[in-house]
Amino acid sequence: MTGILVQPFEGCAADTLAVRAIACGLGVGVMDIAAVTVSFRRRSGEVVENQAWRTAPVALLKSAAPWRTFRWYKGQKHYSGIYWSATVRDHVIYESRLELARLLFADFDPAVRSIVAQPFLLKTEVDGKLRKHIPDYLLVTDQGPVVVDVKPLHWLSKPEVAFTFVWSRRVVEPRGWQYEVWSEPPTAQLENIRFLAGYRRDWLFSLDLLDELSGADLDGVPLWQVPRRLPGHPEPHVRSAVHHLLWTGRLVTDLDQPLSPSRVLRTAS
């Protein structure tokens, strides 16, 4: 997904048994990858603790319930809530507006097949001291699992935050998984995807109308002209259906600039 800000912490040597990473001037120390454990919560509520991280099956982790849930209380600084995801066809929790933004991008991405919030607890020792971390999301994608941590850009310079993300990366990547630190996306992209998310519920749209739109030659057609191509349908219905097809990726357009009637549509390749 273009526009996602990933802070990679590059340039660290690593192997599958021990890591001595130096990233952004931060020493991580010695860590035995083979000793890393993962704990997760089944949908039934059963807690599975201290499994070997290297061999924990993806199928179990992607079906996990959130390791922790958010709390509401007067005066809280975090904006927590529940979002209905079209990808998993169920509700997914988030603990901040920035986490909700990452959730919207994941739900919009056709390569994402599964989304788990607060998916598991990682534990390891670094220089003899126990470290624990709960990532924000586990995404199962066509390219493989992605472990995501969401943090505002200005937090990434904090040594304790950078330290956690460095050792987390060194735990995740030896499995052949991706690790991503995600910060504020471009405003136009976020607003466009947030707008299109309002059209994500497929049962609200006429299948006949969607099929007509998919069969019409809309490549290179501006948004404002589409209702003229289907004069037998009410204009609001056509516009809504086009927005749904943009959400599902059957139609595409430039989302780097605010959506407008002059935005040109393209058929998905």
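## Lys-123 and its surroundings

In this predicted model, Lys-123 belongs to strand E9, which covers residues 121-126. The residue is buried and yet forms no salt bridge, for the nearest side chain of opposite charge, that of Glu-49, is 5.1 Å away. Because a salt bridge requires a side-chain nitrogen of Lys or Arg within 4 Å of a carboxyl oxygen of Asp or Glu, the 5.1 Å between Lys-123 and Glu-49 does not qualify.

The side chain of Lys-123 does, however, make a polar contact of 2.8 Å with the side chain of Asn-50. When neighbours within four places in sequence are left aside, the residues in contact with Lys-123 include Ala-35, Val-36, Thr-37 and Ser-39, as well as Leu-130, Arg-131 and Lys-132.

## The hairpin of E6 and E7

Strand E6 (residues 81-85) pairs with strand E7 (residues 90-94) in the antiparallel sense, and 5 bridges connect the two. Within this pairing, Ile-82 stands opposite Ile-93 of E7. The hairpin has 4 residues between its strands, and Arg-89 takes a positive phi near 55° there.

## Two nonpolar cores

In soluble globular proteins, nonpolar side chains tend to be buried together. Here the largest nonpolar core has 47 residues, and Tyr-137, Leu-213 and Val-242 are those with the most contacts inside it. Helix H2 (residues 97-108) supplies the largest share of this core, namely 8 residues. Not counting residues up to four places away in sequence, Val-242 touches Leu-213, Leu-223, Val-226, Leu-251 and Leu-265.

Apart from this core lies another, of 26 residues, and among them are Val-38, Ala-56, Ala-64 and Trp-177.

Methods: Residues are numbered from 1 along each chain as its sequence is written. This is a predicted model: local features need pLDDT of at least 70, side-chain atom pairs count only at pLDDT 80 or more; totals for chains, interfaces and linings use all residues. Side-chain values use heavy atoms; hydrogens and water are left out. Buried means under 20% relative accessible area, exposed over 50%, partly exposed in between (1.4 Å probe, protein chains only). Lys and Arg count as positive and Asp and Glu as negative; His and the chain ends are not counted. A polar contact is a pair of N or O atoms within 3.5 Å; within protein, one must be able to donate a hydrogen and the other to accept it, and residues adjacent in sequence count only if both atoms are side-chain atoms. Contact means heavy atoms within 4.5 Å. Two strands pair if DSSP finds at least two bridges between them. A nonpolar core is a set of buried Ala, Val, Leu, Ile, Met, Phe, Trp, Tyr and Cys residues joined through side-chain atoms within 4.5 Å.
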